[in-house]
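Colleague: Please give me a close look at a single part of this model, the surroundings of the DNA, and state each cut-off once as you come to it.

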Number of protein chains: 2
Amino acid sequence: MPPIKVKNAGKSVPARRKSAAPAKAQTRIQREKQDVILEAALDVFSLHGFRGATIDQIAEQAGMSKPNLLYYFPRKEEIHKRLMKTMLDTWLQPLREFDAEGDPIPEIRSYIRRKLEMARDFPRESRLFANEMLQGAPRLIDILEGELKDLVDEKAAVLLAWMDEGKIARTDPYHLIFSIWATTQHYADFDVQVRAVLGKERGGEGRFEDAARFLENLFMNGIVPKKQTVG
Amino acid sequence: MPPIKVKNAGKSVPARRKSAAPAKAQTRIQREKQDVILEAALDVFSLHGFRGATIDQIAEQAGMSKPNLLYYFPRKEEIHKRLMKTMLDTWLQPLREFDAEGDPIPEIRSYIRRKLEMARDFPRESRLFANEMLQGAPRLIDILEGELKDLVDEKAAVLLAWMDEGKIARTDPYHLIFSIWATTQHYADFDVQVRAVLGKERGGEGRFEDAARFLENLFMNGIVPKKQTVG
DNA sequence: GTCTATACAGAGATAGAC
DNA sequence: GTCTATCTCTGTATAGAC
């Protein structure tokens, strides 16, 4: 599985800032401080969820005092909201880029690979999302029922068309997408378990390559032995 | 998918109590109260994780005062520990029953079905576990590296033997197990998202039957169209 | 065995000096 | 813009009356 090229394992949020949003222009220092805070907050929120995370922890992780942090983000919820927004942008990008004009099998294969790369390179974002889901998505439900549903509906239609043309096997496109999400994000969200079960020898960095190989093969072929390849 | 027979959707913990553990015998009332507390605690812990959950919430959910609750479980951590223990027993049962003597394909198919039934019938247990994983399994890591690893090693060996005999396609047995866990538990842990994306028409009770059909088919056949079944 | 009252720490957030 | 001090509320846990 050569095309996994991304290096940095689980740091950095894209953290694009809209230049028109707040009335006041921001200094470079303000932006940098905010980014430090967001970075620290991602660590803490992704581990403990919204309610379990404390401003103290975030401040400590960010290397500043609690009041100082609150100078930049007056409310805990603001920090979380901003993280969620950035995270969703990053997180849904692979699905957005899923291309109806592409060649079906390679397109799906590449989607699986990209999702797995994201699990490897942005595990905190994955856990932030997972935490929100476990809590019933109180701060995200509108987006799930709106933007996300629309996007999935659109891609499901593409998959259905491919099935009609006999280019991929007929199956439920929604549950196919769910399965790709579930299997790839599992390697971020349940990372402790994966490493514990694989043990020292197999639980190292190579586990993502192994997973990639396995998942590609699973989604392509299932596990029923092919007559022509046996014996 | 007929064999999904379990009815009660997401209530009741087995809550077996070992009769030899605490020095003092327990009255019937004590047992009942403890069960009420554990039931309430499962609601709260599964939603908010250990740190996010509060004794106030649990007490309210259990319909008793906070001091009264603390009479039965002096520490928050005790409640959580007991829940985790019961949950793990329930949760790993299907894997324990995975039978080396059985017929490979039906055995795996049936394992998938049972895991999906558990996601449907014990979603809170699934979320309790998921919450613990997201936090890096601080209260569970020993079990993961011990009991669980041993159990998975054992079952992986069974799968490998089947592959050697050509009864199932050769693939990575560990990642196969991870994939079954991930896809089935997804329907408990990410339930909000599943229902949001499926919408009103398809997000109802039938979603589990749809998922079962899809997953069986995925694991058996993959998505590459079979030459003989196309056209 | 259950309640009221309360101790005491940690939480989010604000005031005001520098 | 950053800090110390502090307010208020919530949270875990205990004491002691009933």
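**The surroundings of the DNA strands**

Modeller: A backbone N or O atom of B:Lys76 lies 3.1 Å from a phosphate oxygen of DNA strand D, which is a polar contact in the sense used here, a pair of N or O atoms within 3.5 Å (within protein, one atom must be able to donate a hydrogen and the other to accept it, and residues adjacent in sequence count only if both are side-chain atoms). Four elements give two or more residues to the surface near strand D, namely α1 (28-52) and α3 (66-72) of chain A and α2 (55-62) and α3 (66-72) of chain B, where helices are DSSP runs of H or I with at least four residues, strands are runs of E with at least two, and both are numbered from the N terminus.

Before going further, note that this is a predicted model, in which local features need pLDDT of at least 70 and side-chain atom pairs count only at pLDDT 80 or more, while totals for chains, interfaces and linings use all residues. Residues are numbered from 1 along each chain as its sequence is written, chains are lettered from A and ligands numbered from 1 in the order in which they are written, and side-chain values use heavy atoms, with hydrogens and water left out.

The phosphates of strand D also meet side chains: an N or O atom of B:Arg75 is 3.1 Å from a phosphate oxygen, and for A:Gln30 the corresponding value is 3.3 Å. In total, 17 residues surround strand D, and the closest are A:Asn68, A:Tyr72, B:Ile55, B:Lys66 and B:Arg75; a residue is near a strand if one of its heavy atoms lies within 4 Å of it. The element that gives the most to this surface is α3(A), with 4 residues. Among the strand D atoms within 4 Å of the protein, 69% belong to sugar or phosphate and the rest to bases.

Turning to strand C, 17 residues surround it, with A:Ile55, A:Lys76, B:Gln30, B:Asn68 and B:Tyr72 the closest. Sugar and phosphate make up 75% of the strand C atoms that come within 4 Å of the protein. A base is reached as well, since the side chain of A:Lys66 places an N or O atom 3.2 Å from a base nitrogen of strand C. Phosphate oxygens of strand C lie 3.0 Å from a backbone N or O atom of A:Lys76 and 3.0 Å from an N or O atom in the side chain of B:Gln30. Here α2 (55-62) and α3 of chain A, together with α1 (28-52) and α3 of chain B, each supply at least two residues, and the largest share, 4 residues, comes from α3(B).

By residue class, the surface near strand D divides into 7 nonpolar, 5 polar and 5 charged residues, and the surface near strand C into 7 nonpolar, 5 polar and 5 charged; Ala, Val, Leu, Ile, Met, Phe, Trp, Tyr, Cys and Pro count as nonpolar, Asp, Glu, Lys and Arg as charged, and the others, Gly among them, as polar.

As for the two protein chains, a rotation of 180° with 0.0 Å of shift along its axis superposes chain A on chain B, at an RMSD of 0.0 Å. This is the relation of a two-fold axis, with the copies superposed by least squares on the C-alpha atoms of residues with pLDDT of at least 70 in both.
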